[in-house]
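User: I would like to learn how to read a structure like this one, feature by feature. Could you walk me through it?

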Amino acid sequence: MDAYLAVVSKREVRRYLPRPIPEEALEQIVQAGRASGSSRNRQPWRFIAVTERTILRDLAPFVFRPANLEGCAAAIAVVLTNPRAQFDAGRTAQNMMLAAWTLGIGSCPNTPSDEAAMRERLEIPAEMSISTVLSLGYPAPGEPRPRADADPAAKLTRISRLPLAELLHRETFRA
Ligand SMILES: Cc1cc2nc3c(=O)[nH]c(=O)nc-3n(C[C@H](O)[C@H](O)[C@H](O)COP(=O)(O)O)c2cc1C
């Protein structure tokens with residue numbers, strides 16, 4: 001899929017098919033996270049890939065929307081070695097979700113509602129924090145799905161986003 005199309009067509013997926021993600025695809029997704037840029041190339045992230053159903057079930061109550069995590073094929077916890085590096089976390093998380101999208105795999109970010117409990121279940125050292133937990137899987141019927149033949153311009157007319165006229169300023173904010 002064209003990179004621009006992937007960026008503008010990526011939507012969050014709420015429900016997934018009970019179909020596993022091939023190990024090679026999971027590796028491609030985390031490689032996209034690994035390849036991400038970060039402040040001074042510090043790479044302040046670690047990834048925990050979870051595919052064990054029992055662990056996914058254990059983690060689900062610790063996010064705001066448990067069903068999303070409970071029903072996914074895999075999850076990737078984005079762990080920060082520097083809790084202030086949220087911008088870097090966003091870069092690596094979005095890269096992984098976009099890479100997944102190009103492979104036909106949907107995703108959704110989940111913020112922990114009980115980070116301490118999640119940290120304990122995932123055995124994460126106390127000095128690290130969890131930025132987000134990405135759910136991953138093949139979209140269930142009715143969910144958004146990647147389409148390599150879609151038209152980016154058409155996608156942009158239909159998305160639920162503020163219009164550019166409201167977002168974009170030129171030269172200065174006041175202009
Ligand atoms: C089940 C579910 C849980 C979500 N949880 C979070 C979250 O915790 N943090 C976050 O930044 N976005 C979260 N999102 C994503 C935003 O809601 C989403 O990016 C925004 O609504 C745009 O969605 P769209 O790209 O599908 O139009 C969640 C989405 C869903 C469907």
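Analyst: Happy to. Let us begin at Glu171, which lies in the segment after helix 8 (164-167). Keep in mind that this is a predicted model. Glu171 has a positive phi of about 70° although it is not a glycine.

User: Is Glu171 buried or exposed, and why?

Analyst: The general idea is to count C-beta atoms around the residue: 12 or fewer within 10 Å makes it exposed, and 20 or more makes it buried. Glu171 has 6 other C-beta atoms within 10 Å, so it is exposed.

User: Which other residue has a positive phi although it is not a glycine?

Analyst: Gln43, with a phi of about 50°. Gln43 sits in the loop between helix 2 and strand 1. Its count is 16 other C-beta atoms within 10 Å, so Gln43 is partly exposed. Gln43 and Pro163 are 120 residues apart in sequence, and their C-alpha atoms are 33 Å apart in space.

User: What does Ala126 look like on that reading?

Analyst: Ala126 has 8 C-beta neighbours inside 10 Å and therefore counts as exposed. Ala126 belongs to the loop between helix 6 (115-121) and strand 4. Between Ala126 and Thr81 there are 10.0 Å in space, C-alpha to C-alpha, and the two are 45 residues apart in sequence.

User: Now the sheet. In what order do the strands come?

Analyst: To read a sheet, follow which strand pairs with which. Here four strands form an open sheet in the order 1-2-4-3, with antiparallel pairing. Strand 1 (45-50) and strand 3 (106-110) stand at the edges with a single partner strand each, so one side of each is left without a neighbour in the sheet. On average, neighbouring strands of this sheet are turned by 20° against each other, direction ignored.

User: How many bridges join each pair of strands?

Analyst: Going across the sheet, strand 1 pairs with strand 2 (residues 74-80) over six bridges. Seven bridges join strand 2 to strand 4, and five join strand 3 and strand 4.

User: Which residues face each other across those pairs?

Analyst: Between strand 1 and strand 2, Ile48 stands opposite Ala77 and Phe47 stands opposite Val78. On the way to strand 4, Val78 stands opposite Thr132, while Ile76 has Leu134 as its bridge partner. For Asn110, the bridge partner in strand 4 is Val133.

User: How should I read the two faces of a strand?

Analyst: In a regular strand the side chains alternate between the two faces of the sheet. In strand 2, Ala74, Ile76, Val78 and Leu80 are on one side and Ala75, Ala77 and Val79 on the other, and all are buried, leaving both faces covered. Since seven of the seven residues of strand 2 are buried, this strand is largely enclosed by the rest of the structure. Strand 4 has eight of its nine residues buried, so it too is largely enclosed.

User: Which helices lie across these strands?

Analyst: Helix 2 (residues 23-34) lies across strand 1 and strand 2, and runs at about 165° to strand 1. Helix 5 (residues 86-102) lies across strand 1, strand 2, strand 3 and strand 4 (129-137), and runs at about 10° to strand 4.

User: And how do I read a nonpolar core?

Analyst: In soluble globular proteins, nonpolar side chains tend to be buried together. The largest nonpolar core here has 39 residues, and Ala74, Ala75, Ala100, Leu134 and Leu136 have the most contacts inside it. Two or more residues each come from helix 2, strand 1, strand 2, helix 5 and strand 4. Helix 5 gives the largest share of this core, eight residues. Leaving aside neighbours within four places in sequence, the contacts of Leu136 include Ile21, Ala74, Ala75, Ala100 and Ile105.

User: Finally, which residues surround the ligand?

Analyst: To read such a shell, list its residues, then ask where they come from and what class they are. The ligand is surrounded by Arg11, Glu12, Arg14, Phe64, Arg65, Asn68, Cys108, Pro109, Asn110, Thr111 and Ser160. Strand 3 supplies the largest share of the shell, three residues. By class, the shell has three nonpolar, four polar and four charged residues.

Note on methods: Residues numbered from 1 in each chain as written. Predicted model: local features only at pLDDT ≥ 70, side-chain atom pairs only at ≥ 80, totals over all residues. Pairing = 2+ DSSP bridges. Axes fitted to C-alpha atoms, helices over the stretch in contact; angles between N-to-C directions. Contact = placed C-beta atoms within 7 Å. Near = placed C-beta within 6 Å. Nonpolar A, V, L, I, M, F, W, Y, C, P; charged D, E, K, R; others polar. Core = buried A, V, L, I, M, F, W, Y, C linked by C-beta atoms within 7 Å.
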